[in-house]
Amino acid sequence: MKRIAALFAALAFLFCGCASGEPPLDPSPGPAPEDPGYTIRALTPKFDILQPFQNGYAFAVEEDRCGYLDKTGAVRFLYSFPEGSREIFLQCLMDGGLYNQLPASEEGLVPVCGEDGLWGYYDLNKNEQVIPGKYLTGVPFSQGRAAVCWEDENGTTQYGVIDTTGELVFSVDQISGGVYKNGLLAVQLPEEDLAAVNRWALVDRNGAPVVENYGAGITSQVTIYGYPHVSGSDFESTLDPDHIVLYRQSPDPKRAGAAYTVVDQKGAVQFADDSLSFLSGFSEGYAFYQEDTENLCLGVIDGTGTRLSGQVLDNAASFMDGVCWFWEEGTGYGFVDTAGKVLTPARYDNVSGVPKNGRASVEKEGRWGLVSLTGEELLPFQYDYLYSDGGELLLFAQEEKYGLLDLDGTVVVEPEYDGLGALEEGTALTVSEGKFGFLTVEKVPKE
């Protein structure tokens with residue numbers, strides 16, 4: 001599309017780094033006197049990489065040591081980079097792919113890399129490695145399963161899915177991404193006829209096909225759109241399990257080669273449409289479409305295939321709470337609902353975070369403020385940067401330093417960090433002088 005909004009602060013949350021295993025959280029000066037509503041504790045930034053907390057732990061790197069940090073600030077280093085692989089490993093983290101996120105699973109299982117470069121799994125709760133290192137990749141566990149690959153005795157790469165004991169549950173020809181979401185994983189099923197293509201499907205935890213390839217027998221690849229490649233990716237927050245988009249070749253040779261089928265998580269077809277030239281992923285039962293190939297603008301479509309508006313939006317995001325931002329060339333950003341009704345005209349220069357819980361952070365004439373989704377000013381346009389994810393605290397910047405605000409504009413954390421991440425599991429990642437730490441933020445119950 002023509003333009004993508006700046007959704008995150010300078011830190012974003014690609015990854016971050018934290019401190020060592022010393023006792024841990026230093027008490028900060030605490031909340032500002034006029035704001036007794038929060039207790040803030042800080043871990044001194046020391047790590048080269050720290051990823052957001054998931055299931056109580058955060059992946060951390062200090063020099064060449066890799067491990068997992070808990071919320072007290074204690075860290076367990078589990079392995080070092082294999083010899084000569086540090087730069088490659090770090091590049092993988094920056095580029096994305098299977099190594100973009102290495103979270104702990106609900107069971108406390110995490111990938112660990114041996115000196116030979118092969119991956120196994122460590123149980124943080126048992127404090128021991130429970131699955132030997134024999135895999136070529138370290139894909140995290142999700143929903144009790146991990147997608148793995150290994151070399152057989154002939155040097156051929158094999159793919160499959162293991163359970164939390166390391167037992168192989170089923171084998172496949174290829175795996176797309178590698179993590180389960182809504183109980184489904186995108187894989188390429190085995191095919192006896194090697195000339196056949198597009199045997200992609202979404203399978204359940206036992207490998208049974210649930211959403212099968214509706215494009216089998218055609219010559220172009222079918223994409224199952226919207227299933228995350230890594231845990232924590234952008235698609236996860238908006239993935240709609242009842243409206244899974246299958247992109248395939250159009251049977252109409254006059255068209256550009258795009259056609260779409262939308263199914264639910266059980267494989268039941270919701271609608272199929274060969275007239276569309278573009279269909280986005282669904283969120284909350286709605287998506288954006290293009291039919292008129294001469295018009296690059298977007299219109300709103302629902303889960304039955306009914307077009308709710310014409311192609312009138314230059315660009316738009318995913319729906320959350322029934323609202324999303326849209327962009328109009330030459331004018332700016334506004335907000336629109338699932339019926340395509342404009343709630344606030346395009347009049348802002350930028351938007352950050354997501355419009356949620358009736359509010360959004362927006363930029364106007366170089367300054368940031370907080371507004372309602374109908375345009376009422378909630379916080380004045382006086383900040384260098386403002387980020388809202390719909391929660392009770394806002395990330396803000398003044399003079400290139402980042403801190404946290406309450407919704408009434410009270411400073412909760414002074415702007416003293418070079419970068420700051422959004423709150424996840426009660427923590428916010430911080431960066432100072434190229435090193436990373438985190439804050440714990442606890443709201444004090446009112447008496």
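Which residue in β12 stands opposite valine 161? Let's find out, and then try three more exercises on this predicted model.

**Exercise 1. Place valine 161 in its sheet and name its partner.**

Step 1. Start with the strand: β11 covers residues 157-162, and valine 161 falls in that range.

Step 2. Look at the neighbour. Strands β11 and β12 run antiparallel and are joined by four bridges.

Step 3. Read across to β12: phenylalanine 170 is the residue opposite valine 161.

Step 4. Now widen the view. The three strands form an open sheet in the order β10-β11-β12, and their pairing is antiparallel. At the edges lie β10 (146-151) and β12 (168-172), each of which pairs on one side only. From one strand to the next, the twist averages 35°.

**Exercise 2. Describe the surroundings of aspartate 240, and decide whether this residue has a salt bridge.**

Step 1. Find the residue. Aspartate 240 sits in the loop between β17 (223-225) and β18 (244-248).

Step 2. Check for a partner of opposite charge. The nearest such side chain belongs to lysine 181, 12 Å away. A salt bridge needs the nitrogen and oxygen within 4 Å, and aspartate 240 has none, although it is buried.

Step 3. See what the side chain does instead. It reaches the backbone nitrogen of aspartate 242 at 3.0 Å. It also makes a polar contact of 3.1 Å with the side chain of histidine 243.

Step 4. Add the neighbours from further along the chain. Leaving out residues up to four places away in sequence, aspartate 240 touches Phe282, Ser283, Glu284 and Gly285.

**Exercise 3. Work through some of the salt bridges, noting where the partners lie and how exposed they are.**

Step 1. Recall the idea: side chains of opposite charge can pair when their charged atoms come close. This structure holds eight salt bridges.

Step 2. Take arginine 65 and glutamate 62. Their closest N and O atoms are 2.9 Å apart. Is each one buried or partly exposed? Buried means under 20% relative accessible area. Glutamate 62, at 15%, is therefore buried, while arginine 65, at 33%, counts as partly exposed.

Step 3. Move on to glutamate 392 and lysine 443, whose side chains meet at 3.0 Å, N to O. This pair links distant parts of the chain, 51 residues apart: glutamate 392 is in the loop between β32 (385-387) and β33 (393-398), and lysine 443 is in strand β38. Glutamate 392 is partly exposed, with a relative accessible area of 44%.

Step 4. Try lysine 401 and aspartate 418, which form a salt bridge at 2.4 Å, N to O. Here the partners are 17 residues apart, with lysine 401 in strand β34 and aspartate 418 in the loop between β35 (411-417) and β36 (419-420). Lysine 401 is partly exposed at 31%, and aspartate 418 is partly exposed at 31% too.

Step 5. Finish with a network: salt bridges link Asp273, Glu291 and Arg307.

**Exercise 4. How many helices and strands does the protein chain have, and what percentage of its residues is buried?**

Step 1. Count the elements: there are one helix and 38 strands.

Step 2. Turn to burial. Of the 447 residues, 52% are buried.

Step 3. Look at contacts between residues at least 6 apart in sequence. Of these, 40% join residues at least 24 apart.

How values were computed. Residues are numbered from 1 along each chain as its sequence is written. This is a predicted model: local features need pLDDT of at least 70, side-chain atom pairs count only at pLDDT 80 or more; totals for chains, interfaces and linings use all residues. Side-chain values use heavy atoms; hydrogens and water are left out. Helices (H or I, at least four residues) and strands (E, at least two) are DSSP runs, numbered from the N terminus. Buried means under 20% relative accessible area, exposed over 50%, partly exposed in between (1.4 Å probe, protein chains only). Lys and Arg count as positive and Asp and Glu as negative; His and the chain ends are not counted. A polar contact is a pair of N or O atoms within 3.5 Å; within protein, one must be able to donate a hydrogen and the other to accept it, and residues adjacent in sequence count only if both atoms are side-chain atoms. Contact means heavy atoms within 4.5 Å. Two strands pair if DSSP finds at least two bridges between them. Axes are lines fitted to C-alpha atoms, for helices over the stretch in contact, and angles run from 0 to 180 degrees between N-to-C directions.
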